[in-house]
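Subject: The structure I promised you

Hi,

Here is the structure we talked about, so open it up and keep it beside you while you read. My notes on what turned up follow below.

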Amino acid sequence: KVTKKKEDILIKDRQKFDKPKRYKVVLYNDDYTSMQLVTSILMDVFKKGTQEAHSIMMKVHKGGRGVAGVYSREVAETKVTTAKQFARENGSPLHCEAEPE
């Protein structure tokens, strides 16, 4: 918003913007998707290193769910779509979702 003073000097009002919401991509355990495939998805889609991918995969396996990463909404939705497609191409019904942080 720009306003004029009587001296004709333009002054900008500062606008306050909220930070965009972040979304975590959560992978869920199932009885069909192999631990190796989950690890591969974490490495290929989420760009995790071997150790981190294994650690997240174990959280999924033992705890029922694991966070693959936190992103903007658009990136999180793209990662979910890509991970599901990767799993389907490998014959697995991996379930994952983007959830608000």
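Let's start with a term: a residue is buried if its relative accessible area is under 20%, exposed if it is over 50%, and partly exposed in between, using a 1.4 Å probe and protein chains only. By that rule, 32% of the 101 residues in the chain are buried.

Two bits of housekeeping. This is a predicted model, where local features need pLDDT of at least 70 and side-chain atom pairs count only at pLDDT 80 or more, while totals for chains, interfaces and linings use all residues. Residues are numbered from 1 along each chain as its sequence is written, and side-chain values use heavy atoms, with hydrogens and water left out.

The overall plan

You'll find three helices and five strands in the chain. Both kinds of element are DSSP runs numbered from the N terminus: helices are H or I with at least four residues, strands are E with at least two. Going along the sequence, the pattern reads β-β-β-α-α-β-α-β. Of the contacts with a separation of 6 or more, 65% are between residues 24 or more positions apart; a contact here means heavy atoms within 4.5 Å.

The sheet

In what order do the strands of the open sheet sit? The order of the three strands is β4-β3-β5, and the pairing is antiparallel. (Two strands pair if DSSP finds at least two bridges between them.) β4 (65-72) and β5 (95-100) are at the edges with a single partner strand each, so one side of each has no neighbour in the sheet. From one strand to the next, the twist averages 25°.

As general background, strands of a sheet pair through backbone hydrogen bonds, either parallel or antiparallel. Here, β3 (residues 22-28) is joined to β5 by six bridges and to β4 by seven. Some opposite partners to look for:
- Tyr23 of β3 faces Tyr71 in β4.
- Lys24 is across from Glu99 in β5.
- Leu27 is across from Cys96 in β5.

β3 is also mostly covered, with five of its seven residues buried.

The helices

How do we describe two packed helices? We give the angle between their axes and the distance between the axes. The axes are lines fitted to C-alpha atoms, for helices over the stretch in contact, and angles run from 0 to 180 degrees between N-to-C directions.

Take α1 (residues 35-44) and α3 (residues 73-89): they pack at about 140°, with axes 10 Å apart. They are therefore oblique to each other; angles under 35 degrees count as roughly parallel, over 145 as roughly antiparallel, 65 to 115 as roughly perpendicular, and the rest as oblique. On the α1 side, the contact uses Leu37, Ser40, Ile41 and Asp44, and on the α3 side Ala83, Phe86 and Ala87. Those residues split into five nonpolar, one polar and one charged. For that split, Ala, Val, Leu, Ile, Met, Phe, Trp, Tyr, Cys and Pro are nonpolar, Asp, Glu, Lys and Arg are charged, and the others, Gly among them, are polar.

α1 also packs against α2, at an angle of about 130° with axes 9 Å apart, and that makes α1 oblique to α2 as well. In this contact, Met35, Val38, Thr39, Leu42 and Met43 of α1 meet residues of α2 including Ala53, His54 and Met57. The contact divides into eight nonpolar, four polar and no charged residues.

Three residues to click on

For each of these, the contacts leave out residues up to four places away in sequence.

Thr39 is in helix α1. Is Thr39 buried or exposed? Its relative accessible area is 10%, so Thr39 is buried. Thr39 touches Ala53, His54 and Met57.

Asn29 belongs to the loop between β3 and α1 and is partly exposed at 36% relative accessible area. Along the chain, Asn29 and His61 are 32 residues apart, yet their C-alpha atoms are separated by 5.7 Å. Asn29 touches Val60, His61 and Gly64.

Arg65 is in strand β4 and is partly exposed too, at 35%. The C-alpha atoms of Arg65 and Leu27 are separated by 5.5 Å, with their places 38 residues apart along the chain. Among the residues that Arg65 touches are Lys24, Tyr28 and Glu99.

Happy exploring!
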